[in-house]
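Here is a briefing on one structure, for a reader who works with computed geometry. It covers cavities and pockets, aromatic pairs, a helix, cysteines and a few single residues.

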Amino acid sequence: MPNETHASILFVDDESEILTALTRLLRSTDITVHTANSGEKGLQILEQQNIDIVVSDKNMPGMNGNEFLQKVAEQWPETVRIMLTAYTELNDVIAAINSGRVWSYMKKPWDNEEFKLNIQQALNYSEVLAERSLLRHTLEQVQTKRKRNFMKFIGQSTAMQFVYDAIENCASSNASVFITGPSGAGKELAADALHKLSSRKDHPLVCLNCAAIPSELMESEIFGHIKGAFSGAVAHRDGAATLADGGTLFLDELGEMDIGLQAKILRFIQTGTFKKVGSNKEEKVNIRFVSATNREPFKAIEEGRLREDLYYRLNVISIHIPPLKDRENDACQIAQYFLNRFSDIEQKVFVGLSSDAGTLIKNYPWPGNVRQLENTIHSAVVMSEGPLLTEQILARQLQLNQTQMTELLHKKSPAAELESISQASGNTINHLQDNIMHDTSAVRSLAEVERAAIEHAIAVCNDNVVKAASLLEVSPSTLYRKVQQWQD
């Protein structure tokens, strides 16, 4: 692999004059040159140095060039291997190329300019090998760490891997967490996971949906009330704040809470103390706060639905739950889970999804997210018989006409678009490898290939860099950094 400053090359030949002449040719370049007068010494250098290219004579006493380069291929497969040979040995060299032991050859005697050109082509190829090795290693690490499921979540998309990691990283903290994401995406599952992975797991998780409770009752729901506090308060009642003591309080759809009550919630968070409705007695509790909203927080602040100071108090750690349509193939995995679950509940026999049903699920936008998918599968199980859940059954539950269903079945998903990008990039690299020995003018640099793939992915995702990063399986910060570099 090329090092950070410049490339390195190893010349192996039993004739010192040849080694001197080869070294002299590269004297004006920034290539570090190493020499060895035998295959055995060449192997010793390779064990000690980071070598990008090896150029070896074919006929040498002791270990010959074929044997030497075979060992290099076995132990350092990413080192580009070139053989020096006479015209009479070309058939043997071609056999060595075909067997994969060498990448190319140079003839004795050589033309100096042609020799330099071949070395530059070999360096270009070495960079391709290095990038592909790094990519392969990175992907292997990602795949090793990838989770198919996490707590009550189902799905192994890259977007959800970020969510799983964020939950694991902050679960043990007492810091407040603010969860964003569309309705039905799984914000309550995230709160549940945060609680169950925390040191508070043996204490209650109390969930309040601020959109489901009338505003005049919300204060009592949170803080409780004493007997006679208001009409209908016939007995003392503990609120969520008391019930969640030692545990976690989850305030869902916070943006729907009355703006006046938000001021009392802010004080409660700051002091850890509160008063029941109708009481003058202050009570103190130990609570971790987790909040969520399906609104864009800053827009809610602008509209006067969410206090800015409350948002910043609760938003110590942010977690965004992506919509189902941005989770690659998770929808099919989730659908199969619901199919198995509701088959048992409804005592039906469904063995799986038809191929077109899977395509329909992947391409349908699911505006109601996982909750809509759950209801759709449940309805399909109830309203049909097995053993296969087909696209026609799903289309009926989603109220799709024939034209809409056909369009979805033939629609190219973002994941499929990315596959096309990947194939195109792969073809470009293969084309590069095929042509690099013959014409450097036909070579596109790896940076150009990378930029084309990234720009295509961003275009496919309608300039959504986060979504493009998810599809390309890199972090959004990586894409932002790349785009910034191109703009500078």
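Residue classes come first: Ala, Val, Leu, Ile, Met, Phe, Trp, Tyr, Cys and Pro count as nonpolar, Asp, Glu, Lys and Arg as charged, and the others, Gly among them, as polar. By that scheme, the lining of the largest cavity holds 5 nonpolar, no polar and 3 charged residues.

The model is predicted: local features need pLDDT of at least 70, side-chain atom pairs count only at pLDDT 80 or more, and totals for chains, interfaces and linings use all residues. Residues are numbered from 1 along each chain as its sequence is written, and side-chain values use heavy atoms, with hydrogens and water left out.

**Cavity**

- The search works on a 1 Å grid over the protein atoms alone: a cavity is a set of points where a 1.4 Å probe fits but cannot get out, while a pocket is an open set with protein on both sides within 12 Å along at least five of seven lines.
- Lining residues have an atom within 4 Å of a point.
- Grid points are joined across faces, edges and corners, and a volume is the space filled by probe spheres set on the points.
- The whole structure yields 1 cavity of 30 Å³ or more.
- The largest cavity encloses about 40 Å³.
- Its lining consists of Leu 324, Lys 325, Glu 328, Ala 331, Ile 361, Lys 362, Tyr 364 and Trp 366.

**Second largest pocket**

- This pocket has a volume of about 520 Å³.
- It is lined by 21 residues, and those closest to its centre are Gly 184, Ala 185, Gly 186, Leu 189 and Val 370.
- Two or more lining residues come from each of β7, α7, α13 (330-345) and α15 (369-382).
- Helices (H or I, at least four residues) and strands (E, at least two) are DSSP runs, numbered from the N terminus.
- Which element gives the most to the lining of the second largest pocket? α13 does, with 4 residues.
- By class, the lining of the second largest pocket splits into 8 nonpolar, 4 polar and 9 charged residues.

**Helix α7**

- Burial follows relative accessible area: buried means under 20%, exposed over 50%, and partly exposed in between (1.4 Å probe, protein chains only).
- α7 is mostly covered, with 7 of its 10 residues buried.
- Those buried residues are Lys 187, Ala 190, Ala 191, Asp 192, Ala 193, Leu 194 and His 195.
- Asp 192 sits in α7, which spans residues 187-196.
- Asp 192 counts as buried because its relative accessible area is 12%.
- Leaving out residues up to four places away in sequence, Asp 192 touches Lys 152 and Leu 205 (contact means heavy atoms within 4.5 Å).

**Aromatic pairs**

- Rings of Phe, Tyr and Trp (its six-membered ring) pair if their centres lie within 6.5 Å; planes under 30 degrees apart count as stacked, over 60 as edge-to-face and the rest as tilted.
- The whole structure contains 15 aromatic pairs.
- One of them joins Phe 153 and Tyr 164, a tilted pair at 5.9 Å centre to centre with 45° between the planes.
- Phe 153 is in strand β7 (residues 153-154) and Tyr 164 in helix α6 (residues 158-171), so this pair ties together parts 11 residues apart in sequence.
- Both Phe 153 and Tyr 164 are buried.
- Phe 298 and Tyr 311 make an edge-to-face pair, 5.5 Å centre to centre and 70° between the planes.
- That pair links helix α11 (residues 297-302), home of Phe 298, to helix α12 (residues 308-314), home of Tyr 311, 13 residues apart.
- Phe 298 counts as partly exposed because its relative accessibility is 39%, whereas Tyr 311 is buried at 6%.
- Phe 178, Phe 298, Tyr 311 and Tyr 312 form one aromatic cluster.

**Cysteines**

- How many disulfides does a search of the whole structure find? It finds 0 (a disulfide is a pair of cysteine sulfur atoms within 2.5 Å).
- Cys 207 is partly exposed at 33% relative accessibility, while Cys 210 is buried at 3%.

**Single residues**

- Phe 162 lies in helix α6 and is partly exposed, with a relative accessible area of 40%.
- Phe 162 and His 320 are 158 residues apart along the chain, and their C-alpha atoms are separated by 9.1 Å.
- Thr 29 belongs to the loop between α1 (16-25) and β2 (32-36).
- Thr 29 is partly exposed, with a relative accessible area of 35%.
- Thr 29 and Ala 7 lie 22 residues apart in sequence and 9.9 Å apart in space, C-alpha to C-alpha.
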